[in-house]
Amino acid sequence: MLRFILQAVVTALGLWLAAYLVPGVEFLSTGSLIAAAVLLGLVNAIVRPVLVFITFPLTVITFGLFLLVVNAATIGIVASFLGGFVVDGLWAGVGAAIVTGVVSWIAGSIVPDDRRVRDN
């Protein structure tokens, strides 16, 4: 449970930074930012694996770049469910996916993963 909360905080930070940097990504309130982070975590856990499986041939052909479109689609799904979170188009979604991915990557390199330590 603590890992999910930490991931939601990192995702919220990434979405906040995306709203600051990427034109077309906006939040109306802090509550909608937090709700978007939690909902994005759930969508990434449930819907994203299905999308990755379905789009695997395109992902292979594009050397993995199509995963940006998949990530943008998950952010778009969250934006369609929340009234306080706006993503205007595919490019805004791709920009938000890049920003949140970089923030998650940086946070993952700073915070140790207990699962990796236990497996070794």
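**Notebook: helix packing, core and two loop residues**

I began with the first helix and noted that α1 passes α5 in a right-handed crossing. The model I am reading is a predicted one. The axes of α1 and α5 lie 8 Å apart, and the packing angle is about 140 degrees. I therefore entered α1 as oblique to α5. I then listed the residues that make this contact. From α1 they are Gln 7, Val 10, Leu 13, Gly 14, Leu 15, Leu 17 and Ala 18, and from α5 they are Ala 96, Val 99, Thr 100, Val 103, Ser 104 and Ala 107. Sorted by class, the residues of the α1 and α5 contact are nine nonpolar, four polar and no charged.

**Entry: α2 against α4**

I looked next at α2 and α4, whose axes come within 9 Å and cross at roughly 135 degrees. That angle makes α2 oblique to α4. The crossing of α2 past α4 is right-handed. On the α2 side I recorded Ala 36, Leu 39, Leu 40, Val 43, Asn 44, Val 47, Arg 48, Leu 51 and Val 52. On the α4 side I recorded Leu 67, Val 70, Asn 71, Thr 74, Ile 75, Ile 77, Val 78 and Phe 81. The classes in this contact of α2 with α4 are 13 nonpolar, three polar and one charged.

**Entry: α4 against α5**

How are α4 and α5 set relative to each other? Helix α4 covers residues 66–81 and helix α5 covers residues 90–110; their axes are 8 Å apart, at an angle of about 100 degrees. An angle of 65 to 115 degrees counts as roughly perpendicular, and α4 and α5 are therefore roughly perpendicular to each other. In α4, the contact uses Leu 68, Val 69, Asn 71, Ala 72 and Ile 75. In α5, it uses Leu 90, Gly 93, Val 94, Ala 96, Ala 97, Ile 98 and Thr 100. I counted by class and noted nine nonpolar, three polar and no charged residues where α4 meets α5.

**Entry: the nonpolar core**

Which residues touch the most other members of the largest nonpolar core? I found Leu 15, Ile 75 and Phe 85 in that position, in a core of 20 residues. At least two residues of this core come from each of α1 (2–21), β1 (25–27), α2 (30–54), α4, β2 (85–87) and α5. The largest share, five residues, is supplied by α2. I then followed Phe 85, setting aside its neighbours within four places in sequence. Its contacts are Leu 15, Val 25, Glu 26, Phe 27, Ala 36, Ile 75, Val 78 and Ala 79.

**Entry: two loop residues**

I looked up Phe 63, which sits in the loop between α3 (56–61) and α4. Is Phe 63 buried or exposed? Its relative accessibility is 77%, so Phe 63 counts as exposed. I also noted that the phi of Phe 63 is near 55 degrees, a positive value in a residue other than glycine.

The second residue was Gly 89, in the loop between β2 and α5. With 44% relative accessibility, Gly 89 counts as partly exposed. I paired Gly 89 with Gly 76: the two are 13 residues apart in sequence, and their C-alpha atoms are 8.3 Å apart in space.

Terms used
Residues numbered from 1 in each chain as written. Predicted model: local features only at pLDDT ≥ 70, side-chain atom pairs only at ≥ 80, totals over all residues. Heavy atoms only, no water. Axes fitted to C-alpha atoms, helices over the stretch in contact; angles between N-to-C directions. Helix = DSSP H or I, 4+ residues; strand = E, 2+ residues; numbered from the N terminus. Parallel < 35°, antiparallel > 145°, perpendicular 65-115°, else oblique. Contact = heavy atoms within 4.5 Å. Nonpolar A, V, L, I, M, F, W, Y, C, P; charged D, E, K, R; others polar. Buried < 20%, exposed > 50% of the residue type's maximum accessible area, 1.4 Å probe, protein only. Core = buried A, V, L, I, M, F, W, Y, C linked by side-chain atoms within 4.5 Å. Left-handed = near helix turned anticlockwise from the far one by under 90°.
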